[in-house]
Amino acid sequence: MPTGIYLHIPFCRIKCPYCDFNTYAGIDDQRPRYVAALKEELRHRLGTFQPGEFAAGSLYFGGGTPSLLDPEDVAELGEIAGSPAEVTLEANPGTVDLPKLQALRAAGVNRLTLGCQTFHPELLAGLRRLHDVKQTHEAIEAAHAAGFTELNIDLMYGLSGQTLAHWDADLDQAAAARPTHLSLYNLTIEEGTPFARWRAAGELPLPGEELQGAMYERAVERAETGGWGRYEVSNFALPGSECRHNQVYWSGEAYLGCGAGAHGFAPADGSPSHGRRWWNHRVPRRYCQEVEAGRLPEDGHEELGRTQAMTEALLLGLRTREGLDLARFQRRFGASPIELLGAPLKDFRARELIRVRGTHLIVAEHAVILLDSLLARLAPQVDRVDRSDSLNSPSQAPYGTPTGQSR
Ligand code: SF4
């Protein structure tokens, strides 16, 4: 069973105005204390398992800006995690150079993901990123020189002032950097961020839906022509370079999340709980206080009911190119997705937007761009049908039995 560990590093040099992640600028002095707490939490959580019960296949340093960590700490965290086969670290250009990347490589990091975002200085400036294009090129070169054979490049589209020509040039530059993996994200405007305020005030003109759609289509076409196959809506990889850690999330498998605001998940196929999700305190100082007091730093948890677990399985499965495993869904929930999704699915299949391919339900390539609207029609169907079946369903009993993974 694939399992993963996520470690959240909430430190950033500045807070980018579009970012709503749990990250903070100006608290660098808290870093040693935080890293000590992170090691302690990871040790504690792993110590709750019986031998052989949880073996992580992946470790992911996400943030925030994990490239601000000392390589010695990265090495120690990797050892505590049991030295998983895939160790990914997110890095921002401008925070790494060749010696730093060599040290991270020696510390066990074998997959680097670089937050390049765009190769156009004026678009980077619009995002208020700290790094410049020269630093992006230097970071890419240093990553290769340091021996990172698994390299991801993050790019964003839908930026203010971005044209299709900009995007084409960004995709060219990314391809020239010889990454094994591409993450191509649409800029989303998150409530509460400066970008949301600027947009509301009419100060942030963004490309329209049609142009954003064209950018996505171009991304898929260009990535696939270059050999990076799409394996999820926004993620593309050379064969064999798919990110294992992402696949843990999308396949609904267990993962541990450690650090401020991190989430963990333990699936279960039983009744009443179909899985348990928990999350840590978000504020780093509070998180550290809890760990230092010898407590698990959890701020809350939920038990997944059958409807919620089925909906999540559907949403996650259809995001991937492989699709939703029909037999696995049936085994987990005792229900056929085809019957459950009823008339809306029949309609989508008749229009060739969704199809059954072998043992999986998949979204047709040309319809991936419509995924959100397809899911918006399918998800309520699960809720409606499951509730109408619920009178005799033992899985609708009150929740409350933890699945026992985290404590
Ligand atoms: S560097 Fe990344 S994580 Fe940090 S504030 Fe900017 S977008 Fe958010």
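Modeller: Quick ground rule before the strands come up: I call two strands paired if DSSP finds at least two bridges between them.

Biologist: Fine. What kind of model is this?

Modeller: It's a predicted model, where local features need pLDDT of at least 70 and side-chain atom pairs count only at pLDDT 80 or more, while totals for chains, interfaces and linings use all residues. Residues are numbered from 1 along each chain as its sequence is written.

Biologist: How is the protein chain divided?

Modeller: Into domain 1, covering 4–248, and domain 2, covering 322–391; those bounds come from an automatic or database domain assignment. Taken over C-alpha atoms, the centres of domain 1 and domain 2 are separated by 31 Å.

Biologist: Which strands make up the open sheet, and in what order?

Modeller: There are 3 strands, ordered β15-β17-β16, and the pairing is antiparallel. Strands here are DSSP runs of E with at least two residues, helices are runs of H or I with at least four, and both are numbered from the N terminus.

Biologist: Why is one side of β15 and of β16 left without a neighbour?

Modeller: β15 (324–325) and β16 (354–357) stand at the edges with a single partner strand each, so each has one side with no neighbour in the sheet.

Biologist: How many bridges are there between β16 and β17?

Modeller: β16 pairs with β17 (residues 360–363) over 4 bridges, in the antiparallel sense. One spot to click on is isoleucine 354, whose bridge partner in β17 is valine 363.

Biologist: And β13, which strands does that one go with?

Modeller: β13 (residues 275–280) pairs with β12 (residues 263–267) over 5 bridges, antiparallel. β13 is also joined to β14 (residues 298–303) by 5 bridges, and those two run antiparallel as well. For landmarks, histidine 263 sits opposite tryptophan 279 in β13, and arginine 277 is opposite glutamate 302 in β14.

Biologist: Switching to helices. At what angle do α1 and α2 cross?

Modeller: Roughly 10°, and the axes of α1 (residues 31–47) and α2 (residues 71–80) come within 10 Å. The axes are lines fitted to C-alpha atoms, for helices over the stretch in contact, and angles run from 0 to 180 degrees between N-to-C directions. α1 and α2 are therefore roughly parallel (under 35 degrees; over 145 is roughly antiparallel, 65 to 115 roughly perpendicular and the rest oblique).

Biologist: Which residues of α1 and α2 meet?

Modeller: Val35, Leu38, Lys39, Leu42 and Arg43 in α1 face Asp73, Glu76, Leu77 and Ile80 in α2, with contact meaning C-beta atoms, placed from the backbone, within 7 Å. By class, the contact of α1 with α2 has 5 nonpolar, no polar and 4 charged residues. Ala, Val, Leu, Ile, Met, Phe, Trp, Tyr, Cys and Pro count as nonpolar, Asp, Glu, Lys and Arg as charged, and the others, Gly among them, as polar.

Biologist: How do α1 and α10 pack?

Modeller: At about 50°, with the axes of α1 and α10 (residues 284–292) 9 Å apart. That makes α1 oblique to α10, and their crossing is left-handed (the near helix is turned anticlockwise from the far one by less than a right angle; clockwise would be right-handed). Arg33, Tyr34, Ala37, Glu40 and Glu41 of α1 touch Pro284, Tyr287, Cys288, Val291 and Glu292 of α10. Those residues split into 6 nonpolar, no polar and 4 charged.

Biologist: What about α6 with α8?

Modeller: The axes of α6 (residues 164–176) and α8 (residues 209–225) come within 10 Å and cross at roughly 25°, which makes α6 roughly parallel to α8. The crossing of α6 and α8 is right-handed.

Biologist: Last thing, backbone oddities. Where is the cis peptide bond?

Modeller: Between glycine 63 and glycine 64, with omega about 10°. Glycine 64 is in the loop between β4 (58–63) and α2. Also have a look at arginine 128: its phi is near 60°, a positive value in a residue other than glycine. Arginine 128 lies in the loop between α4 (121–127) and α5 (133–145).

Methods
Contact = placed C-beta atoms within 7 Å.
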